[in-house]
Amino acid sequence: MSDIAKKQKIDSIDYVVKVSKRKGIRMSIAPGGELVVHADPFCSDDTIKQFVKQYTDKIKVQSHSGMIRLFGKSFKIKKAQGQTNHITTCEDEIIIQTKPSADAILVFKEFLNRYAKEVFEDIMDMTLLRFKEYSLNKPTLKVRTMKRSWGICHPESNYITLNFELVHYPVEFIEYVICHEFVHLLEPNHSKQFYEILSKVMPDYKRRLDLIEEGKEKQYLM
């Protein structure tokens, strides 16, 4: 992933510039709708601004398209009014039904928080089966938004914390993050033994980790 990020603004459009090892400039839309411009270290500020200006119309459409990516799949968001607050998911659509007096954004946010934890718990149950021979007890799950970690393990208290933003990523990658934290319950450090266990319980963990590598970032974050 990119190492350096700085916020910029042009023509009322906010965007983040990330320095990339790959040559040239490209852009992506993060799950939360943030515009991210990836540029190599030799791109000047003027070059980046010209690039953004060139795609201003396209950026505006993408930023207001009413789309969200959940567990690696894109959904169209539709709003409706009714007698109750209710969220319906069907194929490629999410319908947010709210009372006239309700805040649709708040209703959806509360739904997403519950939904994320439910799915994470299910993935934890599946992942735990990989650790049968280690007699691992399922840890308690906590979910919160974090800037620097996908997950944190607390072996002494037998619980793990997962980054809420994982809700936007493919299930295979979430499985990797959970598996990684489970191994930390057995081996607190990234020792040789840690990777031996990780390779044993999830032989394809490197492929799963590649799902968020820079080269495929656009595929999963758009």
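F71 lies in the loop between β5 (67-70) and β6 (73-81), and we will start our exercises there. The model is predicted, so to speak of local features a pLDDT of at least 70 is needed, side-chain atom pairs count only at pLDDT 80 or more, and totals for chains, interfaces and linings use all residues. Residues are numbered from 1 along each chain as its sequence is written, and side-chain values use heavy atoms, with hydrogens and water left out.

**Exercise 1. Two loop residues**

Task: Find the sign of phi for F71 and for N158, and say whether each is buried, partly exposed or exposed.

Solution:
- Step 1. Recall that most residues other than glycine have a negative phi.
- Step 2. F71 is not a glycine, yet its phi is positive, about 50°. N158, also a residue other than glycine, has a positive phi near 55°.
- Step 3. Place N158: the loop between β10 and β11 (159-163) holds this residue.
- Step 4. Buried means under 20% relative accessible area, exposed over 50%, and partly exposed in between (1.4 Å probe, protein chains only). F71 counts as buried because its relative accessibility is 15%, while N158, at 27%, is partly exposed.

**Exercise 2. The sheet and its helix**

Task: Give the strand order of the open sheet that contains β5, and name the helix that lies across β5, β6, β7 and β8.

Solution:
- Step 1. Helices (H or I, at least four residues) and strands (E, at least two) are DSSP runs, numbered from the N terminus. Two strands pair if DSSP finds at least two bridges between them.
- Step 2. The open sheet has 4 strands in the order β5-β6-β8-β7, with mixed pairing. Its edge strands, β5 and β7 (86-90), each pair on one side only.
- Step 3. Look inside the sheet: β6 pairs with strand β8 (residues 93-98) in the parallel sense over 6 bridges. Q81 stands opposite T98 in β8.
- Step 4. Add the helix: α3 lies across β5, β6, β7 and β8 and runs at about 125° to β8. Axes are lines fitted to C-alpha atoms, for helices over the stretch in contact, and angles run from 0 to 180 degrees between N-to-C directions.

**Exercise 3. Two helices that cross**

Task: Describe how α3 and α4 cross and which residues meet there.

Solution:
- Step 1. Helix α3 (residues 104-128) and helix α4 (residues 171-186) have axes that come within 10 Å and cross at roughly 60°.
- Step 2. Contact means heavy atoms within 4.5 Å. On the α3 side, F120, I123, M124, M126, T127 and L128 take part; they meet V171, I174, E175, I178, C179 and F182 in α4.
- Step 3. V177 is also in helix α4 and is buried, with a relative accessible area of 2%. Not counting residues up to four places away in sequence, V177 touches W150, G151, L162 and L166.

**Exercise 4. How far to trust the model**

Task: Where in the protein chain is confidence lowest, and where is it highest?

Solution:
- Step 1. pLDDT is the predictor's confidence in each residue, from 0 to 100. The protein chain averages 81, and 82% of the residues score at least 70.
- Step 2. Helix α7 (residues 217-221) has the lowest confidence, with a mean of 35, and helix α5 (residues 192-201) has the highest, at 96.
- Step 3. Over residues 57-65 the pLDDT is below 50, and it stays under 50 over residues 214-222.
- Step 4. Where pLDDT is low, the predicted coordinates should not be read in detail.
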